[in-house]
Protein chains: 2
Amino acid sequence: MVTLKEVAERCNVSATTVSNVINGKAKTSEETKNRIMQVIKETGYKPNTIAQGLRVKKTRTIAVIAEDIAQFTSPPMIESIMETCEKKGYRVVVHNLRLYDRWSDTWYGQEDEYHSVLDPVIKDILSAQIDGVIYLAGHARIIKTFNAGFNLPIVMCYAYSESPHIPSVVIDDEKSSYEMVSYLIKMGHERIGFIGGRMDNIHTAQRLMGYQKAMYENGLLFDPKLVYYGDWSRKAGHEGAKALLERNVTAIFGISDRMTGGVYDYLEEKELIVGKDISVAGFDNESIAEFFRPKLTTTELPLREIGAKSAELLLDKLEGANGDSQIGDEPKVYKYPCKMIIRRSVSEK
Amino acid sequence: MVTLKEVAERCNVSATTVSNVINGKAKTSEETKNRIMQVIKETGYKPNTIAQGLRVKKTRTIAVIAEDIAQFTSPPMIESIMETCEKKGYRVVVHNLRLYDRWSDTWYGQEDEYHSVLDPVIKDILSAQIDGVIYLAGHARIIKTFNAGFNLPIVMCYAYSESPHIPSVVIDDEKSSYEMVSYLIKMGHERIGFIGGRMDNIHTAQRLMGYQKAMYENGLLFDPKLVYYGDWSRKAGHEGAKALLERNVTAIFGISDRMTGGVYDYLEEKELIVGKDISVAGFDNESIAEFFRPKLTTTELPLREIGAKSAELLLDKLEGANGDSQIGDEPKVYKYPCKMIIRRSVSEK
DNA sequence: ATGAAAGCGCTAACAC
DNA sequence: GTGTTAGCGCTTTCAT
């Protein structure tokens, strides 16, 4: 690898001048500038990022801490984060906590185990002189980890923060659910089953709120018996469908496509035809949704938008756009709407 | 950030000694060693990777160049690469070429466009003093890019190399296809339709070879009319099923689950029942396969194994395990078997 | 067993 | 406009 110094020698100028030309700092005569560019081209010289980083204390590298890249939501967000960063000349390193792979859902609140995997990652990030961090959650939740002495710019993606210094970018669960349930009501359904995740899950709470709001606005009574709490699994959808059908629902809203798959399973067992005998709606618009029969009406997650926005926020912070101009007491939350995808699983009652 | 020097001062020793203790180089008295460790703990000192990298010329960082992380095959491989590397204390940075996102399938052979996205990435990798590279393809193909003056250790993952210096890790397409077709034959099928990707695609060629081998070994004639070349899309599966059904096949082997989805579509239109009137097998065991009805018999890709093996090969090279001990003229190819997943879409004839 | 000095490749401050 | 000097944080001879 040819170095700055070597380029300088070949041109009979100082290292400074070459550095200036490359970074467009001080003014340099056209002549020497040309000569230097020429030699750079000839030798294929590339600045050594490591040396630059050591000197400038900026590596133009950001880290993504992903709770689990195997969650179907992660890759699109990561991809758009990378795209956004690369455009502005930032590198991205991804750290994968593999939280769900290791402990499925059991690590919630297990602070010790959580930190046993997070801390080495943070240590590494600090050692590597990373400029900023995007924390990428597997499911929406409130992340409390970075409140303390963590003084790298950071933004929460697909999760909420507690600190006013950490903005978060999330989907608008409530509104999206409200829209879907309103649609179901418009199609004539009044007894609508709701299959959620765990009760203390943010997606679940907010989507339930949207459901209730839609009922309320249409003058419909909210029957708590029509709510079933599952665990996002296909099996939970199956069980939920069973429980709900006993309560004479005409439509079932499963808040993940995966769970809705279980609803289809149960309905098939009972020889009930989806989109005819009973209407079904999902959430996520995962790739599977298009392979259901009938194809599933569901809600598409704006994952790429969320990733891009997170990256933009972080880069703005790094470039000191408007710094922490006016932080209030509350963390700033950017909510992105989802998009309803109408297919064939919902019919008029 | 506290530095080595500061730790040294606090301990009244030289930087050298601290460095020695941390890296276990020279022998140091137990006493000073303890004192130093103590201070390191107190101050939370972490070596600066950048400075280390500059000095030692090893960054303990490898790069993954992914053709497209949005391909469903990529995340599992990346994940296991990361897992393997982290275990050995290596960082990984992922670069995403987004080849399929940009140009779907049209970039094959478009050297100029391909290089316009690859070259900046390589430049960046060189600048960042990366120790080694894993090239992660979206589909199996022969990569010719790195033959020339690229002198970083590199391994091909999910693709073939041309150079004897670059090992590749791939799936055993031929054998896996052979097994599936043998199974179909065992179930009594003799006229088996084959829906492939493009004719010049390696997966397609090798899986077709496996098909032919199974036919041959069972004394069955291979009818070329039973082969349909598609483009991996659901639509292609639909068209393929139409063409093949006219030729009176009793089973259809679609070499991607996605295409097989199109086969199901067509069969449904014709009111033919999969797993009864006609048998269907897929390939990939993508998540959708389990949501087909009936559930799809298919072949699972050993993606995590392939990723892990690639990483191991690269790390071995880096640690100079047995160097390029005995390179022949041919690139070394590691082939991994896939696993047949029998579900409900194939029945006895 | 420990330390002094040099230097990895680069840029910032300042001088000329 | 261009060069000199110093130093980012670390490891590596080579002395002692």
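Colleague: In which hand does α1(A) pass α3(A)?
Modeller: Keep in mind that this is a predicted model. On the α1(A) side, the touching residues are A:V7, A:R10 and A:C11, and on the α3(A) side they are A:R35, A:I36, A:V39, A:I40 and A:T43. By class, that contact has 5 nonpolar, 1 polar and 2 charged residues. As for the hand of the crossing, it's right-handed.

Colleague: And how are α1(A) and α3(A) oriented to each other?
Modeller: Their axes sit 10 Å apart, and the helices pack at an angle of about 125°. An angle over 145 would count as roughly antiparallel, and 65 to 115 as roughly perpendicular. The pair fits neither, so α1(A) and α3(A) are oblique.

Colleague: Okay, on to the sheet. Which strands are at its edges?
Modeller: It's an open sheet of 4 strands with parallel pairing, in the order β9-β8-β10-β11 of chain A. An edge strand pairs on one side only, and here those are β9 (227-229) and β11 (279-281) of chain A.

Colleague: Which residue of β11(A) is the bridge partner of A:A251?
Modeller: Strand β10 (residues 251-254) of chain A runs parallel to β11(A), and 3 bridges join the two. For A:A251, the partner in β11(A) is A:S279.

Colleague: Which helix lies across β8, β10 and β11 of chain A?
Modeller: Don't mix it up with helix α9 (residues 202-217) of chain A, which packs on the sheet touching β8 and β9 of chain A. The helix you're after runs at about 160° to β11(A) and spans residues 257-269 of chain A. That one is α11.

Definitions and conventions:
Residues numbered from 1 in each chain as written. Chains lettered and ligands numbered in written order. Predicted model: local features only at pLDDT ≥ 70, side-chain atom pairs only at ≥ 80, totals over all residues. Heavy atoms only, no water. Axes fitted to C-alpha atoms, helices over the stretch in contact; angles between N-to-C directions. Parallel < 35°, antiparallel > 145°, perpendicular 65-115°, else oblique. Left-handed = near helix turned anticlockwise from the far one by under 90°. Contact = heavy atoms within 4.5 Å. Nonpolar A, V, L, I, M, F, W, Y, C, P; charged D, E, K, R; others polar. Pairing = 2+ DSSP bridges.
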